[in-house]
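Biologist: Could you take me through one strand of this model and the sheet around it?
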Amino acid sequence: RVHGGKFRSRGMSIQVHHVVAGKWKPGYEFKIVPPLLSVTKDGQQVQLVVLEEYRFMLGSPKDTPDTPPNLDAFYFSHDRKPALAFAAAPAEVNKIKHIVDHTHLMITQTRRGIEEMKRQTSTTELNVCGWLEKSNRIRKEWEEISEADIQGQKWQRRWFVLSNDLLTYYDRSEDLTPLGVVEMPGFKIVKNEDPKIAAIQNSFAIQTASKDCMILKASDPDELKKWMSVLKKYHKRDSRSPQFARSVSNALDAHRASLI
């Protein structure tokens with residue numbers, strides 16, 4: 001998000017005009033949470049698309065009304081779907097372009113990592129993949145999470161891949177575009193013995209460096225053991241090498257600062 005002029009890893013959100021039924025309409029919230037683009041109106045989602053499937057273009061598509069005063073137009077084109085047209089302040093449009101470029105770069109790098117991992121015949125020490133059920137992201141530190149936060153979760157089955165310091169998850173194992181990405185440096189493991197999740201079979205949780213949490217469920221004890229073994233090795237390396245975590249974090253912060 002963009003808060004106080006700073007770019008946050010959870011995405012960016014701005015107010016835009018949007019073309020609906022051939023007319024510019026104000027009051028839409030435009031949000032990029034890589035790799036997705038979400039558009040909402042009064043809290044209701046009206047568009048949700050995968051950025052990789054669209055091309056970012058400056059200006060307006062054909063047959064679009066004149067752009068509202070003091071705003072710049074931009075749109076997302078698709079070979080088989082209608083274009084999505086928006087208008088925002090010039091500085092915001094420039095930010096959006098940089099974020100979209102960064103998102104495409106991230107997706108390309110992630111795809112290369114997944115393709116490389118699929119070519120491997122065995123799981124390496126710090127790489128693992130498999131099906132897990134996930135909760136929604138809980139925007140709290142683990143110590144602040146209540147039983148009500150956990151009981152209200154809706155579980156989703158996703159294909160998870162831990163590789164190259166990123167935990168990515170997908171709708172299907174053959175997909176190359178992730179539904180979400182978790183940066184692993186500085187993460188914390190919550191084991192199944194924790195009272196908050198002890199009743200959830202084969203579960204564990206991850207708290208990220210940005211202090212939010214995700215609960216994950218394996219299909220059986222063996223699958224849980226596989227994930228915990230790799231995560232413990234990863235955490236051991238991370239904790240033994242704080243300079244590694246700092247270097248990754250600093251590199252990410254520097255790259256985000258360049259997008260402002």
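Modeller: What follows covers the strand, its partners and then the whole sheet. The model is predicted, with local features needing pLDDT of at least 70 and side-chain atom pairs counting only at pLDDT 80 or more, while totals for chains, interfaces and linings use all residues. Residues are numbered from 1 along each chain as its sequence is written, and side-chain values use heavy atoms, with hydrogens and water left out.

Biologist: How many residues of strand E16 are buried?
Modeller: In E16, residues 213-217, 5 of 5 are buried, where buried means under 20% relative accessible area with a 1.4 Å probe and protein chains only; strands are DSSP runs of E of at least two residues, numbered from the N terminus.

Biologist: And which residues lie on each face?
Modeller: Cys213, Ile215 and Lys217 are on one side, with Met214 and Leu216 on the other, and both faces are covered.

Biologist: Which residue is the bridge partner of Ala205 in E16?
Modeller: That is Ile215, and strand E15 (residues 203-207) pairs with E16 in the antiparallel sense over 5 bridges, pairing requiring at least two DSSP bridges between two strands. E15 and E16 form a hairpin with 5 residues between them, and Lys211 in the turn has a positive phi of about 70°.

Biologist: What about E10?
Modeller: Strand E10 (residues 128-134) pairs antiparallel with E16 over 2 bridges, with Lys217 in E16 as the bridge partner of Glu133.

Biologist: Zooming out, what is the strand order in the sheet?
Modeller: The open sheet of 7 strands runs E13-E12-E11-E10-E16-E15-E14 with antiparallel pairing. Strands E13 (180-183) and E14 (188-190) stand at the edges with a single partner strand each, so one side of each is left without a neighbour in the sheet.

Terms used. Buried < 20%, exposed > 50% of the residue type's maximum accessible area, 1.4 Å probe, protein only. Helix = DSSP H or I, 4+ residues; strand = E, 2+ residues; numbered from the N terminus.
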